[in-house]
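This briefing covers one strand, its surroundings and a pocket. The structure is shown first, and the points follow by topic.

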Amino acid sequence: MNDDPGQAIATLQTENERVRVTEWRFPPGTATGHHVHAYDYVVVPMIGGDLTIAEDDGTRHVKTIVTGQSYAGPKGVSHDVINETGAEIVFVEVELK
């Protein structure tokens, strides 16, 4: 476990009044940093793997994302997403404004 992960790479792909689409690249040892989702969202994994989710209460769990298998999350989710593996993980996040 890396106690001081680097920053995952967020690239805004498109945004308008209805959606925001961001590519997230997680080289090994990087994280999003703690954040709260302002919108409902859909995650589309491009390169799957095991991401560690750090919850607000200090608990951590591994979420395996699988290339091409999307999932959705609600507005208000509050967490940090960390790549503690030795491989890059990539997903596209579509936020529904």
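Contact here means heavy atoms within 4.5 Å. The model is predicted. The briefing centres on strand β10, which spans residues 78–82, and on His 79 within that strand.

**His 79**

- His 79 has a relative accessibility of 8%; the cut-off for buried is under 20%, so His 79 counts as buried.
- The side chains of His 79 and His 37 form a polar contact at 3.3 Å.
- Beyond its neighbours within four places in sequence, His 79 is in contact with Gly 33, His 34, His 35, His 37 and Tyr 41. The remaining partners on that list are Ile 53, Ala 54, Glu 55 and Asp 56.

**Strand β10 and its partners**

- Five of the five residues in β10 are buried.
- Burial applies to both faces of the strand: Ser 78, Asp 80 and Ile 82 lie on one side, and His 79 and Val 81 on the other.
- β10 pairs with β5 (residues 35–36) in the antiparallel sense, over two bridges. Here Val 36 stands opposite Ser 78.
- β10 also runs antiparallel to β7, with four bridges joining the two strands. Here Ile 53 stands opposite Val 81.

**Val 81 and the nonpolar core**

- Not counting residues up to four places away in sequence, Val 81 touches Phe 26, Thr 30, Ala 31, Thr 32, His 35, Leu 51, Thr 52 and Ile 53.
- Val 81 belongs to the largest nonpolar core, which has twelve residues. Among the other members are Phe 26, Leu 51 and Ile 53, each of which is also touched by Val 81.
- The core further includes Ala 8, Trp 24, Tyr 41, Val 43, Ile 65, Val 77, Ile 89 and Phe 91.
- At least two residues of this core come from each of β3 (19–26), β6 (40–47), β7 (49–55) and β11 (89–96).

**The largest pocket**

- The largest pocket holds about 320 Å³ of space.
- Its lining consists of 22 residues. Those nearest the centre are His 35, His 37, Tyr 41, His 79 and Val 81.
- Two or more lining residues are given by each of β5, β6, β7, β8 (60–65), β9 (71–73), β10 and β11.
- Of the residues nearest the centre of the pocket, His 35, His 37 and Tyr 41 are in contact with His 79. Val 81, also listed there, touches His 35.
- Tyr 41 and Val 81 are listed both in the largest nonpolar core and among the residues nearest the pocket centre.

Conventions:
Residues are numbered from 1 along each chain as its sequence is written. This is a predicted model: local features need pLDDT of at least 70, side-chain atom pairs count only at pLDDT 80 or more; totals for chains, interfaces and linings use all residues. Side-chain values use heavy atoms; hydrogens and water are left out. Buried means under 20% relative accessible area, exposed over 50%, partly exposed in between (1.4 Å probe, protein chains only). A polar contact is a pair of N or O atoms within 3.5 Å; within protein, one must be able to donate a hydrogen and the other to accept it, and residues adjacent in sequence count only if both atoms are side-chain atoms. A nonpolar core is a set of buried Ala, Val, Leu, Ile, Met, Phe, Trp, Tyr and Cys residues joined through side-chain atoms within 4.5 Å. Two strands pair if DSSP finds at least two bridges between them. On a 1 Å grid over the protein atoms alone, a cavity is a set of points where a 1.4 Å probe fits but cannot get out, and a pocket is an open set with protein on both sides within 12 Å along at least five of seven lines; lining residues have an atom within 4 Å of a point. Grid points are joined across faces, edges and corners, and a volume is the space filled by probe spheres set on the points.
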